Amino acid sequence: MRSSYLELVCPAGTPAALHAAVAAGADTVYCGFRDCTNARNYPGLNFDMDEMTAGVAYAHEHGCKVLVTINTFPRAGQEKSWHQAVDNAAMAGADAIILADIGLLDYATRRHPGLRRHLSVQASAANALSILFYREHFDIKRVVLPRVLSIEDVASLIQQTEMETEVFAFGSVGPMSEGRCFLSSYMTGLSPTHEGVCAPASHVVYQDDNHCIKSCLGSVTLNKFSKDEPAAYPTPCKGRYEANGRTSYLFEEPIGLNAVDILPQLKAAGVTALKIEGRQRSRAYVSKVVGTFRKALDDLAAGTQIHASGDLKTMAEGGRETSGAYKKGWR
Amino acid sequence: MDESRLPVPLARVALRVIPETVLNRLTYLLIRRMQKIHPGLFQNLARLDAATVCIEPSDLPYRFVLKFGQGPTSLRTAARAGCSCDAAVKGKLESLLNLLEGRIDSDMMFFSREIIITGDTAVVVALRNTLDREEIRLLDDISAMCGPVSNPARKVIVRVNKFMEHIKTSMKNAHERRHSRDANEAAAKLECARLQEEIKALKFRLAKFEVRGKRMDASAL
């Protein structure tokens with residue numbers, strides 16, 4: 001399943017961001033409905049049915065595909081909203097849907113057999129048996145791999161499964177099993193897997209304490225940034241905690257993933273598509289990041305040197321970048 | 001200068017000199033005009049929960065209070081102290097205008113501490129996402145307030161800003177020239193003093209030679 005071309009899959013939290021992604025050179029855009037059926041259920045974000053239909057039509061006019069993300073897990077007795085989202089994605093003309101829940105995969109397979117299904121990173125399928133299970137039972141065409149694999153792991157999985165794979169190229173680094181952040185659930189009482197938000201904004205409070213910024217999630221203080229220190233997202237896994245008399249980032253530091261320097265290796269590993277994270281980010285972010293990766297991929301395709309190191313540093317969380325598990329593996 | 005952007009130096013000066021009552025009337029008219037130009041934006045704002053956000057330009061002596069959600073949207077000025085809002089966004093006027101027009105990523109500004117958010121984060125996130133859906137060009141919207149003379153008004157704004165920039169540049173250059181002239185004068189004075197000292201020393205030596213010569217003449221006689 002090796003392709004000589006790396007597909008650029010870009011985020012769109014709003015119709016304006018979708019237009020920005022298309023203009024910046026996205027091959028594919030992914031977006032979600034305005035409810036808890038997707039994992040970026042933030043206020044004011046996402047698409048209603050009319051916007052989704054118009055967005056798909058606009059993307060298709062410009063030679064771009066649209067994937068609809070329905071990657072949260074239906075709550076017992078409330079499956080109807082998730083089924084409705086699958087039906088609406090099909091009706092809007094989406095090129096594929098990105099799913100994680102087994103029940104929902106089953107529903108989509110039976111109800112819309114012609115609609116491509118991609119396995120969301122939320123499913124945490126990080127080994128060949130797991131991926132092959134989803135392919136055998138739900139005929140998934142692509143798997144989005146978790147950010148815990150090294151390049152060698154990715155290459156090995158592709159060899160074993162012969163599946164289309166999509167890997168994260170830019171965004172955050174998460175130490176959790178994707179989509180199962182129990183820390184956030186514990187601190188807020190809201191489940192990211194059901195509500196579609198990690199560190200929900202309703203529970204986040206920033207306090208300006210004499211030029212120091214204190215970020216809190218619920219009643220827990222996650223971090224305190226001194227005057228000249230870059231700030232970070234208020235996610236529990238990036239909190240700076242005191243343990244055994246020492247204050248440190250216990251799980252993961254606030255730092256952004258950027259794989260632009262290892263694109264040749266990812267291509268050589270047989271990766272099909274690169275995912276840019278950030279449906280919750282602005283259209284300015286989408287333009288900048290997608291534009292940078294478009295140029296890098298065009299340079300790669302042309303066999304010329306990629307000059308993109310450091311271009312996106314300011315866009316990264318905490319103003320710092322890493323190649324994450326791709327180079328160092330997972331702890 | 002990007003002529004599609006509201007000139008920030010001019011905006012800053014205008015916001016400092018326009019009396020508060022006039023400014024509030026102008027913001028009222030601007031919001032009304034924007035409702036006509038961006039109906040989708042105001043429909044989306046009305047869909048949000050009712051909230052009040054303080055917009056605090058750190059380089060202005062007052063702040064703006066934006067009310068939206070479950071009713072008409074309004075914008076007015078308020079004193080720096082004594083304003084109770086659900087949330088506040090603080091930063092330089094230029095950063096806040098860039099944010100409004102979607103020119104810069106707000107998370108990036110947050111990471112670099114160019115903007116500071118306090119209070120109910122959900123309110124700010126909802127507002128940011130709603131604004132980011134719309135292509136806002138404030139210069140277009142402000143000039144549109146002038147109705148049939150919007151194009152000339154826009155040209156006037158751009159020209160006044162250019163004039164201001166020209167004055168600013170001229171003053172900067174004059175200042176630098178003045179500094180440079182002062183520096184030249186000081187160097188010339190130093191050189192002059194050095195030459196005067198040298199002349200004085202030469203005169204002294206010459207006088208010595210003259211005395212020595214006279215002595216030699218006298219002994220020869």
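## Chains A and B: a chat

Reader: Which residue in E5(B) is the bridge partner of Tyr206(A)?

Author: Gly119(B) is the bridge partner of Tyr206(A). Keep in mind that this is a predicted model.

Reader: Ok, and what sense do strand E8 of chain A and E5(B) pair in, parallel or antiparallel?

Author: Antiparallel, with two bridges between E5(B) and strand E8 of chain A, which covers residues 204-209.

Reader: Zooming out, how many residues are in contact between chain B and chain A?

Author: Chain B puts in 30 residues, and they touch 42 residues of chain A.

Reader: What area is buried between the two chains?

Author: About 2,700 Å² is buried between chain B and chain A, with carbon and sulfur atoms giving 50% of that. On the chain B side, 30% of the area buried against chain A comes from Phe111(B), Arg113(B) and Arg133(B), and no other three residues supply more.

Reader: Now charges. How many salt bridges does the rule find across the interface of chain B and chain A?

Author: Six salt bridges turn up across that interface. One of them joins Arg47(B) to Asp48(A), with the closest N and O atoms 3.9 Å apart.

Reader: 3.9 Å, hmm. Why does that pair still count as a salt bridge?

Author: Because the cut-off is 4 Å between the side-chain nitrogen and the carboxyl oxygen, and Arg47(B) and Asp48(A) come to 3.9 Å.

Reader: And how many residue pairs are in polar contact between chain B and chain A?

Author: The count is 18 pairs, with both residues at pLDDT 80 or more. As for elements, those of chain B that give two or more residues to the side touching chain A are helix H3 (39-47), helix H5 (106-111), strand E5 (115-120) and helix H6 (121-132).

Reader: Which one gives the most to that side?

Author: H6(B), with nine residues. Sorted by class, the side of chain B that touches chain A holds 11 charged, 11 nonpolar and eight polar residues.

Reader: Switching to chain A alone. What does the domain assignment give?

Author: Domain 1 takes in 7-173 + 255-328, and domain 2 is 182-249. Their C-alpha centres lie 26 Å apart. The contact between them uses 18 residues from domain 1 of chain A and 13 residues from domain 2 of chain A.

Reader: What area do those domains bury between them?

Author: Domain 1 and domain 2 of chain A bury about 1,200 Å², 48% of it on carbon and sulfur atoms.

Reader: What's the polar side of that contact like?

Author: There are four residue pairs in polar contact between the two domains, both residues at pLDDT 80 or more. The salt bridge count between the domains is one. On the side of domain 1 of chain A that touches domain 2 of chain A, the residues are eight nonpolar, six polar and four charged.

Reader: How many salt bridges does a search of the whole structure find?

Author: It finds 29 over all chains. Among salt bridges in chain A is the pair of Glu164(A) and Arg116(A), at 2.8 Å from N to O. That pair links distant parts of the chain, from strand E7 of chain A to strand E5 of chain A, 48 residues apart.

Reader: Last one. How do E11(A) and E12(A) connect?

Author: They form a hairpin with two residues between them, and Asn244(A) in the turn has a positive phi of about 55°. Strands E11 (240-243) and E12 (246-249) of chain A run antiparallel and are joined by four bridges. Within this pairing, Arg240(A) sits opposite Tyr249(A) in E12(A).

Key. Residues numbered from 1 in each chain as written. Chains lettered and ligands numbered in written order. Predicted model: local features only at pLDDT ≥ 70, side-chain atom pairs only at ≥ 80, totals over all residues. Heavy atoms only, no water. Contact = heavy atoms within 4.5 Å. Buried area = accessible area lost by both parts, 1.4 Å probe. Polar contact = N/O pair within 3.5 Å; in protein donor to acceptor, adjacent residues only side chain to side chain. Nonpolar A, V, L, I, M, F, W, Y, C, P; charged D, E, K, R; others polar. Pairing = 2+ DSSP bridges. Domains from an automatic or database assignment.
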